[in-house]
Number of protein chains: 2
Amino acid sequence: MIKTINIIGSGNLATQLALTLHKHNFTIKQIYSRNKINAEILAEKINAKATDSLTKLYPNVDLIIISVTDNALQDVINKMPNTNAIVVHTSGSVNMNILNRFENYGVFYPFQTFSKQHNVDFNSIPILLETKNPNVNTELLKLSKTISNNVTNCNSEQRGAIHLAAVFACNFTNYMYSVAHDLLTSKNIDFNILKPLIKETTSKILTNNSNHPKEIQTGPAVREDYKIINKHINSLEDNNYKNIYKLLTEGIIKMKK
Amino acid sequence: MIKTINIIGSGNLATQLALTLHKHNFTIKQIYSRNKINAEILAEKINAKATDSLTKLYPNVDLIIISVTDNALQDVINKMPNTNAIVVHTSGSVNMNILNRFENYGVFYPFQTFSKQHNVDFNSIPILLETKNPNVNTELLKLSKTISNNVTNCNSEQRGAIHLAAVFACNFTNYMYSVAHDLLTSKNIDFNILKPLIKETTSKILTNNSNHPKEIQTGPAVREDYKIINKHINSLEDNNYKNIYKLLTEGIIKMKK
């Protein structure tokens, strides 16, 4: 059973994971960060040791969670000591096999956006697990279910699809809000005026259990109201925004058919 | 003071408006719809008369609300009897002057998406007013404040900008959810897995009072993580989705600079 854990990383996800696991009575032995001060800030909150040297990582723990940027992952893995611990990474888009120099390994991907300041409740956050070894799977399932009600096994291909879908559903929607903000402030209108509409649009998606989002699509594109569509395109001064408007409108019209 | 009202239209917004105004003790005299049955269904709920003939519209009311599709608006206006009532339309994108054959006119634009089934609480819905005549403005303000806490005067240009911003912030985001749904179901993954992330993304926007949405942008584009960006583009089979991914990624990278 997993009791002792090292965490490699001190970013948003590493921080939230460390706090949550500590709260659920797992013992975090060590926090590693390239930046010793960041490691110490986090380690202090959970009675762990801090280190900025991967070679000084204790190998004798039950689990090592590597939560660093995708680009740093290979380098971290190369520099880690040998260990019998279960070693997991937390990335949505990196294949599990990057960890195959270890005896026991897997992917532990909490599917949410994190910030250091805003403490999250892991309970409702989906955790996506991937493992090769059934024993490792049993151990990671047990730990995951301690902190979340929403744990699923999925393979690297599915995890990739989920990550890609999230780029559309979250990163790109945030960018849409950003464009809307620009359009309003250029006419001296407060972005807050949009909030009730944003709230209702999202609420329809979140409570809509059976239907495809395309069935609740509204707006000039789905009505093929070319009078308004052309008026909008002409009124957009920024060429990028014009192109986005055209492409997404075409997409919505195509989606209907 | 406005006491008696006719409503032209029986669509989503007309329905919600009629129910709300009736609840707040305004007297709805008549509901017009091209389709008599639709007019009757709504009229019955609020003790009004139904008609499918614009020439039979009673001119002797205080307010006539025209809530039809933008394309039907001109034709409806042409066929209406002369009246001293205040006549308003409820469109986000049609100029107020379309109503200038009447004595007293304006725009009454409740800024929200509506469906017939889902009864909305008008209280928090922004109502955007435009008028030329100060007396008309006073009357419409009084009525609007009875049903909403969020009433603003704005001109046709500003209303156009708000409507355009809403296309980005609501119609296009719903389309992003639709694309995400397609990507997931093509790999046999339930769309529900995205919901906690969608909820958190929106909640950050709704509670973020001071910052531009670009300051909370996350994902591979804002990190300029070309390894993942290229992987995503290659994995998208649909050419439309590929183009959307590229264009929005470029937009996010440009927005940073």
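Visitor: Which residue is the bridge partner of B:I7 in β4(B)?
Guide: That partner is B:I65. Keep in mind that this is a predicted model.

Visitor: And in what sense do β1 and β4 of chain B pair, parallel or antiparallel?
Guide: Strand β1 (residues 4–8) and strand β4 (residues 63–66) of chain B pair in the parallel sense, over four bridges.

Visitor: Which helix lies across β1 of chain B?
Guide: Helix α1 of chain B, residues 12–23, lies across β1 and also across β2 (27–32), β4 and β6 (104–110) of chain B. Helix α1 runs at about 165° to β1(B).

Visitor: What about α4 of chain B, which strands does that one touch?
Guide: Helix α4 (residues 134–147) packs on the sheet and touches β1, β4, β5 (86–89), β6, β7 (127–131) and β8 of chain B. The direction of α4 makes about 170° with that of β7(B).

Visitor: Let me step back to the sheet. In what order do the strands of chain B come?
Guide: The order is β3-β2-β1-β4-β5-β6-β7-β8, so to speak from one edge to the other: eight strands in an open sheet with mixed pairing.

Visitor: Which are the edge strands?
Guide: They are β3 (49–51) and β8 (151–153) of chain B, each of which pairs on one side only.

Visitor: How many degrees does the twist average?
Guide: From one strand to the next, the twist averages 25°.

Visitor: New topic: how are the two chains related?
Guide: A turn of 180° with a shift of 0.0 Å along the axis lays chain A on chain B, and the RMSD is 0.0 Å. That is the relation of a two-fold axis.

Visitor: Which residue of chain A comes closest to the rotation axis?
Guide: A:T173 does, with its C-alpha at 2.5 Å. Both copies use the same surface, too: 100% of the contact residues of chain A recur in chain B.

Visitor: Where else does A:T173 turn up?
Guide: In the contact between α5(A) and α6(B). On the α5(A) side you have A:A166, A:A169, A:C170, A:T173, A:N174 and A:Y177, and they meet B:L197, B:I198, B:T201, B:T202 and B:I205 in α6(B).

Visitor: What classes do those residues fall into?
Guide: The contact of α5(A) with α6(B) divides into seven nonpolar, four polar and no charged residues.

Visitor: At what angle do α5(A) and α6(B) pack?
Guide: About 15°, with the axes of α5 (residues 156–185) of chain A and α6 (residues 195–207) of chain B 10 Å apart. Because that angle is under 35 degrees, α5(A) is roughly parallel to α6(B). Their crossing is right-handed.

Visitor: Now within chain B, at what angle do α7 and α8 cross?
Guide: Roughly 160°, and the axes of α7 (residues 226–235) and α8 (residues 239–256) of chain B come within 9 Å. That makes α7(B) roughly antiparallel to α8(B). The crossing here is right-handed.

Visitor: Which residues meet there?
Guide: From α7(B), they are B:Y226, B:I229, B:H232, B:I233 and B:N234; from α8(B), they are B:K242, B:Y245, B:K246, B:T249 and B:I253. By class, this contact has five nonpolar, three polar and two charged residues.

Visitor: And in chain A, how do α7 and α8 cross?
Guide: In chain A, the axes of α7 and α8 come within 9 Å and cross at roughly 160°. The α7(A) helix passes α8(A) in a right-handed crossing. Residues of α7(A) in this contact include A:I228 and A:I229, and by class the contact has six nonpolar, three polar and two charged residues.

Terms used
Residues are numbered from 1 along each chain as its sequence is written. Chains are lettered from A and ligands numbered from 1 in the order in which they are written. This is a predicted model: local features need pLDDT of at least 70, side-chain atom pairs count only at pLDDT 80 or more; totals for chains, interfaces and linings use all residues. Side-chain values use heavy atoms; hydrogens and water are left out. Axes are lines fitted to C-alpha atoms, for helices over the stretch in contact, and angles run from 0 to 180 degrees between N-to-C directions. Helices (H or I, at least four residues) and strands (E, at least two) are DSSP runs, numbered from the N terminus. Angles under 35 degrees count as roughly parallel, over 145 as roughly antiparallel, 65 to 115 as roughly perpendicular and the rest as oblique. A crossing is left-handed if the near helix is turned anticlockwise from the far one by less than a right angle, and right-handed if clockwise. Contact means heavy atoms within 4.5 Å. Ala, Val, Leu, Ile, Met, Phe, Trp, Tyr, Cys and Pro count as nonpolar, Asp, Glu, Lys and Arg as charged, and the others, Gly among them, as polar. Copies are superposed by least squares on the C-alpha atoms of residues with pLDDT of at least 70 in both. Two strands pair if DSSP finds at least two bridges between them.
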